Amino acid sequence: MTTLLFTLLLTLSQVITPGVRPLPPPLVVARWWDPPPTPYAAGHRGVDLAAPVGAEIRASGTGRVHHAGPVAGRGVLSLTLPGGLRTTYEPVRPLVAEGEEVVAGQVVGVLTEGAHCPLPCLHWGLLAGETYLNPLGLLPRPTPRLLPDPGGP
């Protein structure tokens with residue numbers, strides 16, 4: 001299992017290019033990714049990002065609209081990215097149609113009300129095939145910076 005996971009991560013590290021935030025900064029995580037121990041167990045298969053209803057949702061990467069419409073009474077948008085990755089966004093009112101090509105950063109939807117979080121939020125997911133991944137891994141890593149020593153020499 002460890003070898004399979006390591007191979008998957010190594011493969012994805014070569015496929016995943018830094019993406020775009022789906023919401024404007026600051027990105028506020030209301031609930032973190034908490035993958036289930038098995039495919040059918042309970043868990044949180046994405047991250048919840050706090051945002052007001054009406055916030056513009058941007059494509060995290062360049063790709064094609066896989067689905068744009070209701071699923072179980074909520075508006076859902078999913079985009080297929082290069083390398084077979086798929087990002088999901090809900091609850092949204094899609095502004096794009098299935099099959100349409102989108103570019104990273106393009107406004108693709110508007111956040112709507114939903115019962116997923118106590119306060120309005122975007123549930124953002126990432127899949128590689130049937131495997132859920134942490135979508136925050138799509139974002140560029142911050143550059144570490146050393147601060148001057150206040151005590152100085």
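Which ring does the charged end of arginine 45 sit over? The partner is tyrosine 132: the charged end of arginine 45 lies over that ring, 6.0 Å from its centre. Please keep in mind that this is a predicted model.

Let's step back to the whole chain. Its secondary structure comes to one helix and eleven strands. Following the sequence, you meet the pattern α-β-β-β-β-β-β-β-β-β-β-β.

Now to how some of these strands are joined. Strand 2, residues 47-50, has strand 1 as one of its partners, and these two run antiparallel. Strand 2 is also joined to strand 10, again in an antiparallel way. Here are the two pairings side by side:

| Strand pair | Bridges | Direction |
|---|---|---|
| strand 1 (residues 29-31) and strand 2 (residues 47-50) | two bridges | antiparallel |
| strand 2 and strand 10 (residues 121-128) | four bridges | antiparallel |

Individual residues can help you find these pairings in the structure. Arginine 31 has aspartate 48, in strand 2, as its bridge partner. Alanine 50 has cysteine 121, in strand 10, as its bridge partner. As a general point, side chains in a regular strand alternate between the two faces of the sheet.

What about burial and surface? Of the 153 residues in the chain, 35% are buried. The chain exposes about 9,300 Å², and carbon and sulfur atoms supply 62% of that area.

Contacts complete the picture. Taking contacts between residues at least 6 apart in sequence, 59% join residues at least 24 apart. As for aromatic pairs, the count comes to zero.

Technical notes: Residues numbered from 1 in each chain as written. Predicted model: local features only at pLDDT ≥ 70, side-chain atom pairs only at ≥ 80, totals over all residues. Heavy atoms only, no water. Phe/Tyr/Trp six-rings, centres within 6.5 Å; stacked < 30°, edge-to-face > 60°. Lys NZ or Arg CZ within 6 Å of the ring centre and 35° of its normal. Pairing = 2+ DSSP bridges. Buried < 20%, exposed > 50% of the residue type's maximum accessible area, 1.4 Å probe, protein only. Contact = heavy atoms within 4.5 Å. Areas by Shrake-Rupley, 256 points an atom, 1.4 Å probe, with all protein chains shown as cover.
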